[in-house]
Amino acid sequence: KNLLKIISIFSAVIVILVAFIYFLLQELKKRKKLEAELTKLTYYDALTNIYNRYKINKLLSKNISYTKRHQTPLSIIFFDIDFFKLVNDNYGHEMGDKILKEVAELISNNLRKYDLLGRWGGEEFIIILPNTDIKNALKVAQKLKKEVENFNFSHNETLTCSFGATQFQTDDDIK
């Protein structure tokens, strides 16, 4: 009888322990999911799903440090959509948002895997080009300019972007 009671109590404790461990694992999954969502919100632009300004600044600092340490070239390209206000005025902000997404995707699809694209603000974007001198950065900018001009955007009108490129100099900093 005592052995049966001990086995019953032991079984109950095991069931409670298993339930508790299951509960902890479920909570851990929820926390990991929440952490992933927070990370995405912290580092990615909610509209275009590319890096936001906060993250791109961190990446730029990291690339500058690497460039200084290893004396490799580093270039950046800034670009913005020409007359973007007219897109919003003529087609509405929903279409403007769609165009921003399309531009981000188009540019992203035409970069190397290790190039870094971010939304600087509004219709302004930045591309960090590790191991790239100014000559090649200008080639990339020209290629992207043509890609944008030849793309069939949702509003069925031609878009253009203005691009500017620069190469990191040893006395430069993130500013």
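Asn131 is found in the loop between strand β3 (124–130) and helix α5, where helices (H or I, at least four residues) and strands (E, at least two) are DSSP runs numbered from the N terminus. Its phi is positive, about 55°, although Asn131 is not a glycine. Most residues other than glycine have a negative phi. Asn131 counts as partly exposed because its relative accessibility is 45%; buried means under 20% relative accessible area, exposed over 50% and partly exposed in between, with a 1.4 Å probe and protein chains only.

Two remarks on conventions. This is a predicted model, in which local features need pLDDT of at least 70 and side-chain atom pairs count only at pLDDT 80 or more, while totals for chains, interfaces and linings use all residues. Residues are numbered from 1 along each chain as its sequence is written, and side-chain values use heavy atoms, with hydrogens and water left out.

Phe83 also has a positive phi, near 55°, in a residue other than glycine. Phe83 belongs to the loop between β1 and α3. Is Phe83 buried or exposed? With a relative accessibility of 67%, Phe83 counts as exposed.

I turn to helix α5, where Ala137 lies. Ala137 has a relative accessible area of 0% and is therefore buried. Leaving aside neighbours within four places in sequence, Ala137 is in contact with Ser75, Ile77, Leu129, Thr132 and Ala165; contact means heavy atoms within 4.5 Å. By way of distance, the C-alpha atoms of Ala137 and Tyr22 are separated by 53 Å, with their positions 115 residues apart along the chain.

Thr166 is in strand β4. Thr166 is partly exposed, at 40% relative accessibility. Not counting residues up to four places away in sequence, Thr166 touches Leu74, Ser75, Ile76 and Ile134. Its C-alpha atom stands 24 Å from that of Leu100, 66 residues apart along the chain.

Next, the packing of two helices. The axes of α3 (residues 84–91) and α4 (residues 93–109) come within 7 Å and cross at roughly 140°. That crossing makes α3 oblique to α4. Axes are lines fitted to C-alpha atoms, for helices over the stretch in contact, with angles from 0 to 180 degrees between N-to-C directions; under 35 degrees counts as roughly parallel, over 145 as roughly antiparallel, 65 to 115 as roughly perpendicular and the rest as oblique. On the α3 side, Phe84, Val87, Asn88 and Tyr91 take part, meeting His93, Met95, Gly96, Ile99 and Leu100 of α4.

Which residues does His155 touch? Apart from residues up to four places away in sequence, His155 touches Val87, Tyr91, Met95 and Ile99. His155 itself sits in the loop between α5 (134–150) and β4 (161–167). With a relative accessible area of 7%, His155 is buried.

Now the aromatic rings. Rings of Phe, Tyr and Trp (its six-membered ring) pair if their centres lie within 6.5 Å; planes under 30 degrees apart count as stacked, over 60 as edge-to-face and the rest as tilted. By this rule the count comes to six aromatic pairs. Tyr43 and Tyr54 form a stacked pair, because their ring centres are 6.1 Å apart and their planes lie at 10°. Since Tyr43 lies in helix α1 (residues 2–43) and Tyr54 in helix α2 (residues 53–70), this pair ties together parts that are eleven residues apart in sequence. Tyr43 is partly exposed, with a relative accessible area of 24%, and Tyr54 is partly exposed at 45%.

A second pair joins Phe78 and Trp120: with centres 5.2 Å apart and planes at 85°, the pair is edge-to-face. This pair links distant parts of the chain, 42 residues apart, with Phe78 in strand β1 (residues 74–81) and Trp120 in strand β2 (residues 116–121). Phe78 counts as partly exposed, at 33% relative accessibility. In addition, ring pairs link Phe79, Phe125 and Phe163 into a cluster.

I close with Arg119, which is found in strand β2. At 15% relative accessibility, Arg119 counts as buried. Not counting residues up to four places away in sequence, Arg119 touches Asp45, Leu47, Thr48, Ile50, Tyr51, Asn52, Arg53, Leu100, Glu124 and Phe125. Arg119 and Asn152, which are 33 residues apart in sequence, lie 21 Å apart in space, C-alpha to C-alpha.
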